[in-house]
Amino acid sequence: MKILFILSILLLNTLSQAKTLKIGYINVDHLVTSSAQFIQANQIVIKEFQPQQDELITLANKINSLVKEFKQDKGTLSKLEIKSEIKKITDLEQQLKGQASSLKKQLALRNTQELSKIQDLINQTIKAIAIEKKFDLILYQEVAYVSKELNITPLIAEQLRLQFE
């Protein structure tokens with residue numbers, strides 16, 4: 001009985017001396033997609049790849065025009081001319097597919113690069129705020145529930161906005 005009493009006293013003493021953890025939660029997806037840095041990076045990437053996209057549109061329009069012409073003139077063309085026109089259209093379609101595939105890969109790479117920069121900035125901001133506000137733990141993976149008191153996403157978003165200005 002005495003041992004149980006002593007263990008209870010020791011446990012209560014240990015619990016009373018335990019430090020309260022300061023925990024925060026961040027919705028990183030929201031931070032990334034709503035940050036001015038992300039919006040600006042998207043605009044830069046779009047502007048950077050606009051000429052290639054315009055080339056693809058021009059090539060697609062040229063193919064459509066050739067197909068329309070071919071359908072109209074098909075009755076007046078010889079078999080050799082038909083074969084030649086079909087080959088020309090097919091070659092242009094293959095060129096379009098190749099350029100579109102290349103553009104898609106380049107765009108994915110640039111998006112990944114820009115996203116990585118933004119994620120690094122967000123992580124630096126999180127770390128700075130964690131140190132400044134004395135957080136012991138900040139989570140940013142999916143969770144089932146987070147109270148408003150623990151959700152510090154607006155605090156990080158505001159800091160990112162200030163860094164952008």
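The following exchange examines the helices and selected residues of a predicted model.

User: What pattern does the protein follow when read along the sequence?

Analyst: The predicted model contains 5 helices and 2 strands. Taken in sequence order, these elements give the pattern α-β-α-α-α-β-α.

User: What share of the residues in the protein is buried?

Analyst: The accessible surface of the protein is about 12,600 Å², and carbon and sulfur atoms hold 59% of that area. A residue counts as buried under 20% relative accessible area. Of the 165 residues in the protein, the buried share is 21%.

User: How far apart are the end C-alpha atoms of helix H4, and what span should its residues give?

Analyst: Helix H4 covers residues 79-132, which is 54 residues. At 1.5 Å a residue, H4 should span 80 Å. This agrees with the separation of its end C-alpha atoms, which is 79 Å.

User: Which elements are included in what covers the buried residues of H4?

Analyst: The buried residues of H4 include Ile82, Leu103, Arg110, Glu114, Ile118, Ile122 and Thr125. Charged side chains are thus represented on this list, with Arg110 and Glu114 among them. The cover over the buried residues includes helix H2 (28-34), helix H3 (36-73), strand S2 (137-139) and helix H5 (153-164).

User: How are H3 and H4 oriented to each other?

Analyst: Two packed helices are described by the angle between their axes and the distance between the axes. The axes of H3 and H4 come within 10 Å and cross at roughly 175 degrees. The residues of this contact divide into 22 nonpolar, 8 polar and 7 charged. Because angles over 145 degrees count as such, H3 and H4 are roughly antiparallel.

User: How are H3 and H5 oriented to each other?

Analyst: The axes of H3 and H5 are 9 Å apart, and the helices pack at an angle of about 55 degrees. That angle falls in none of the ranges for roughly parallel, roughly perpendicular or roughly antiparallel axes. The relation of H3 to H5 is therefore oblique.

User: Which residues of H3 and H5 meet, and how do the residues of the contact divide?

Analyst: On the H3 side the residues are Ala36, Gln37 and Gln40, and they meet Leu160, Gln163 and Phe164 in H5. The residues of this contact divide into 3 nonpolar, 3 polar and no charged.

User: Is Leu160 buried or exposed?

Analyst: Leu160 lies in helix H5 and touches Leu31, Ser35, Gln37, Leu121, Ile122 and Thr125, apart from residues up to four places away in sequence. Its C-alpha atom is 7.0 Å from that of Ser35, although the two residues are 125 residues apart along the chain. With a relative accessible area of 2%, Leu160 is buried.

User: Is Gln37 buried or exposed?

Analyst: Gln37 is placed in helix H3. Its contacts, leaving aside neighbours within four places in sequence, are Ile118, Leu121, Leu160, Gln163 and Phe164. Its relative accessible area is 12%, under the 20% cut-off, so Gln37 is buried.

User: Where is Lys134, and is it buried or exposed?

Analyst: Lys134 is not a glycine, yet it has a positive phi of about 60 degrees. The residue comes just after H4, in the loop between H4 and S2. At 63% relative accessibility, Lys134 counts as exposed.

User: What share of the contacts with a separation of 6 or more joins residues 24 or more positions apart?

Analyst: Leu160 and Gln37, in H5 and H3, give one example of a contact between helices. Among contacts in the protein with a separation of 6 or more, the share from residues 24 or more positions apart is 83%.

Notes. Residues numbered from 1 in each chain as written. Predicted model: local features only at pLDDT ≥ 70, side-chain atom pairs only at ≥ 80, totals over all residues. Heavy atoms only, no water. Helix = DSSP H or I, 4+ residues; strand = E, 2+ residues; numbered from the N terminus. Expected span 1.5 Å × (residues − 1). Buried < 20%, exposed > 50% of the residue type's maximum accessible area, 1.4 Å probe, protein only. Contact = heavy atoms within 4.5 Å. Axes fitted to C-alpha atoms, helices over the stretch in contact; angles between N-to-C directions. Parallel < 35°, antiparallel > 145°, perpendicular 65-115°, else oblique. Areas by Shrake-Rupley, 256 points an atom, 1.4 Å probe, with all protein chains shown as cover.
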